[in-house]
Amino acid sequence: MNKLLGLVSFVLIAQGAGGLVHFFWDWFDVWTVVHRIGFLDGYEVFVCVVLIVLGVAVGGLSERFE
């Protein structure tokens, strides 16, 4: 369970950070998902920050399952 939550945490943080980089500098066009979802238009920065915070929370939760 610890490794699965660690993987989920990494994916959430990577998607959030990659989405912010894509929004501000137009990099990482290939593997970020937030800019591809149509109903999130205009909310990309907020969603990416939420993904990063959620990833940190899941990472903290994975430490409890050691």
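1. Let's start with Ser62, which comes out buried because its relative accessibility is 5%, and the cut-off for buried is under 20%. Keep in mind that this is a predicted model. Ser62 belongs to helix H2, and its side chain gets to 2.7 Å from the backbone oxygen of Gly59. Once residues up to four places away in sequence are set aside, Ser62 touches Asn2, Leu5 and Gly6. One of those partners, Leu5, turns up again in the largest nonpolar core.

2. On to that core. How many residues make up the largest nonpolar core? There are 9 in all: Leu5, Leu12, Leu20, Val34, Leu40, Val47, Cys48, Leu51 and Val58. Helices H1 and H2 (44–64) each put in at least two residues, and H2 gives the most, with 4. As background, nonpolar side chains in soluble globular proteins tend to be buried together.

3. Leu51 is a handy residue for looking at the core from the inside. Beyond its neighbours within four places in sequence, Leu51 is in contact with Leu12, Ile13, Gln15, Gly16 and Val34. Among these, Leu12 and Val34 are listed in the core along with Leu51 itself.

4. Next, His22, which sits in helix H1 (residues 2–25). Is His22 buried or exposed? His22 is buried, since its relative accessible area is 14% and anything under 20% counts as buried. The His22 side chain reaches the backbone oxygen of Trp27 at 3.0 Å. Trp27 is also on the contact list for His22, together with Phe28, Asp29, Thr32 and His35, when neighbours within four places in sequence are left aside.

5. Now the aromatics. The model has 2 aromatic pairs. Phe23 and Phe24 form an edge-to-face pair, with 5.1 Å from centre to centre and 85° between the planes. Phe24 also pairs with Trp25: those ring centres are 6.3 Å apart and the planes are at 65°, so this pair is edge-to-face, given that angles over 60 degrees count that way. Ring pairs thereby link Phe23, Phe24 and Trp25 into a cluster.

6. How covered are these rings? Phe23 has 44% relative accessibility and counts as partly exposed, because the partly exposed class lies between 20% and 50%. Phe24, at 52%, counts as exposed, because exposed means over 50%. Trp25 is exposed as well, as both Phe24 and Trp25 are. If you want to look at the side chains around here, remember that His22, with its 14% relative accessible area, is buried.

7. Last, the whole-chain numbers. The secondary structure comes to 2 helices and 0 strands. The C-alpha atoms fill a box of roughly 40 × 20 × 20 Å along the principal axes. Of the 66 residues in the chain, 33% are buried. For contacts with a separation of 6 or more, 55% are between residues 24 or more positions apart. The chain exposes about 4,700 Å², and carbon and sulfur atoms supply 73% of that area.

Terms used:
Residues are numbered from 1 along each chain as its sequence is written. This is a predicted model: local features need pLDDT of at least 70, side-chain atom pairs count only at pLDDT 80 or more; totals for chains, interfaces and linings use all residues. Side-chain values use heavy atoms; hydrogens and water are left out. Buried means under 20% relative accessible area, exposed over 50%, partly exposed in between (1.4 Å probe, protein chains only). Contact means heavy atoms within 4.5 Å. Accessible areas come from the Shrake-Rupley method with a 1.4 Å probe; for residues, only the protein chains shown count as cover. Rings of Phe, Tyr and Trp (its six-membered ring) pair if their centres lie within 6.5 Å; planes under 30 degrees apart count as stacked, over 60 as edge-to-face and the rest as tilted. A polar contact is a pair of N or O atoms within 3.5 Å; within protein, one must be able to donate a hydrogen and the other to accept it, and residues adjacent in sequence count only if both atoms are side-chain atoms. A nonpolar core is a set of buried Ala, Val, Leu, Ile, Met, Phe, Trp, Tyr and Cys residues joined through side-chain atoms within 4.5 Å.
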